[in-house]
Amino acid sequence: MAKITGIGGVFIKSAGKGSELAAWYQKNLGLELESWGGSILKWPDDKAEDGGMTVWSTADSDSKWFAPSESSFMINYRVDNMDELLDQLRANGVEILKGPDTEENGKFAWIMDPDGNKVELWEPMNWDVKNKT
């Protein structure tokens, strides 16, 4: 049987101008924008020791996981240095909803983008590395 092999892209319809939302992601989360206005994230550029992975999951209709956002989706972005990124976000006036929380698979924090979408930030921790410390 044929199957999907990964996430090919993330596409967000902005509540306003897409270019302004993209600029917010560039300024606050360091997303490198291409001349056409989008970004290309390449797994080989991610230096995390887990080798790169993408989690796919669903939530029940009554889930509060995405709150306070009313969107039916939430994007989790891998980050290379949670503490530094959170300092950068605070300096830019971005409210940290929660975090950083340390879990068995890394650090997590949550923010909202200007369109009201909850964004999950994740600094991964390799499960093998975790078990050696």
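Me: Happy to look at this predicted model with you! At roughly what angle do the axes of helix H1 (residues 18-29) and helix H2 (residues 82-91) cross?
Reply: In this predicted model, the axes of these two helices come within 9 Å of each other. H1 and H2 are oblique to each other, because their angle falls outside the roughly parallel, roughly antiparallel and roughly perpendicular ranges. The crossing angle is roughly 125°.

Me: Which residues of H2 make the contact with H1?
Reply: On the H1 side, the contact is made by Lys27, Asn28 and Leu29. Together with their partners, these residues divide into three nonpolar, two polar and one charged. The partners from H2 are Leu85, Gln88 and Leu89.

Me: Good, now to the rings. How many aromatic pairs are there, and why is the pair of Trp65 and Phe66 classed as it is?
Reply: The count comes to five aromatic pairs. In the pair of Trp65 and Phe66, the ring centres are 5.4 Å apart and the planes stand at 35°. Stacked needs an angle under 30 degrees and edge-to-face one over 60, so this pair is tilted.

Me: Is Phe66 buried or exposed, and how does Trp65 compare?
Reply: Trp65 has a relative accessible area of 38%, so Trp65 is partly exposed. Phe66 has a relative accessibility of 17%, and the cut-off for buried is under 20%. Phe66 therefore counts as buried.

Me: Where do Phe108 and Trp122 lie, and what kind of aromatic pair do they form?
Reply: Phe108 belongs to strand E3 (residues 106-112) and Trp122 to strand E4 (residues 118-124), so the pair links distant parts of the chain, 14 residues apart. Phe108 and Trp122 are both buried. Their rings are 6.1 Å centre to centre with 5° between the planes, and the pair is stacked.

Me: Which residue has its charged end over the ring of Trp122?
Reply: Trp122 is the buried partner of Phe108. A charged end also sits over the ring of Trp122, 5.3 Å from the ring centre. That charged end belongs to Arg78.

Me: Which residues do ring pairs link into a cluster?
Reply: Besides the stacked pair of Phe108 and Trp122, there is a cluster whose members are linked by ring pairs. Its members are Trp24, Tyr25 and Tyr77.

Me: Where are Pro68 and Pro100, and what is omega for the peptide bonds leading to them?
Reply: Most peptide bonds are trans. Pro68 is in the loop between H1 and strand E1 (75-78), and a cis bond joins Ala67 to Pro68. Pro100 lies in strand E2 (residues 96-103), with a cis bond from Gly99. Omega is about 10° for the bond to Pro68, and near 10° for the bond to Pro100.

Me: Which residues does Met74 touch, leaving out those up to four places away in sequence?
Reply: Met74 is found in the loop between H1 and E1. At 17% relative accessibility, Met74 counts as buried. The residues touched are Trp65, Phe66, Trp110, Lys118, Val119 and Glu120.

Me: How far apart in space are Trp65 and Lys118, C-alpha to C-alpha?
Reply: Trp65 is found in the loop between H1 and E1. Beyond its sequence neighbours within four places, Trp65 is in contact with Ser57, Thr58, Ala59, Met74, Lys118 and Glu120. Trp65 and Lys118 are 53 residues apart in sequence. In space, their C-alpha separation is 9.4 Å.

Methods. Residues numbered from 1 in each chain as written. Predicted model: local features only at pLDDT ≥ 70, side-chain atom pairs only at ≥ 80, totals over all residues. Heavy atoms only, no water. Phe/Tyr/Trp six-rings, centres within 6.5 Å; stacked < 30°, edge-to-face > 60°. Buried < 20%, exposed > 50% of the residue type's maximum accessible area, 1.4 Å probe, protein only. Helix = DSSP H or I, 4+ residues; strand = E, 2+ residues; numbered from the N terminus. Lys NZ or Arg CZ within 6 Å of the ring centre and 35° of its normal. Axes fitted to C-alpha atoms, helices over the stretch in contact; angles between N-to-C directions. Parallel < 35°, antiparallel > 145°, perpendicular 65-115°, else oblique. Contact = heavy atoms within 4.5 Å. Nonpolar A, V, L, I, M, F, W, Y, C, P; charged D, E, K, R; others polar.
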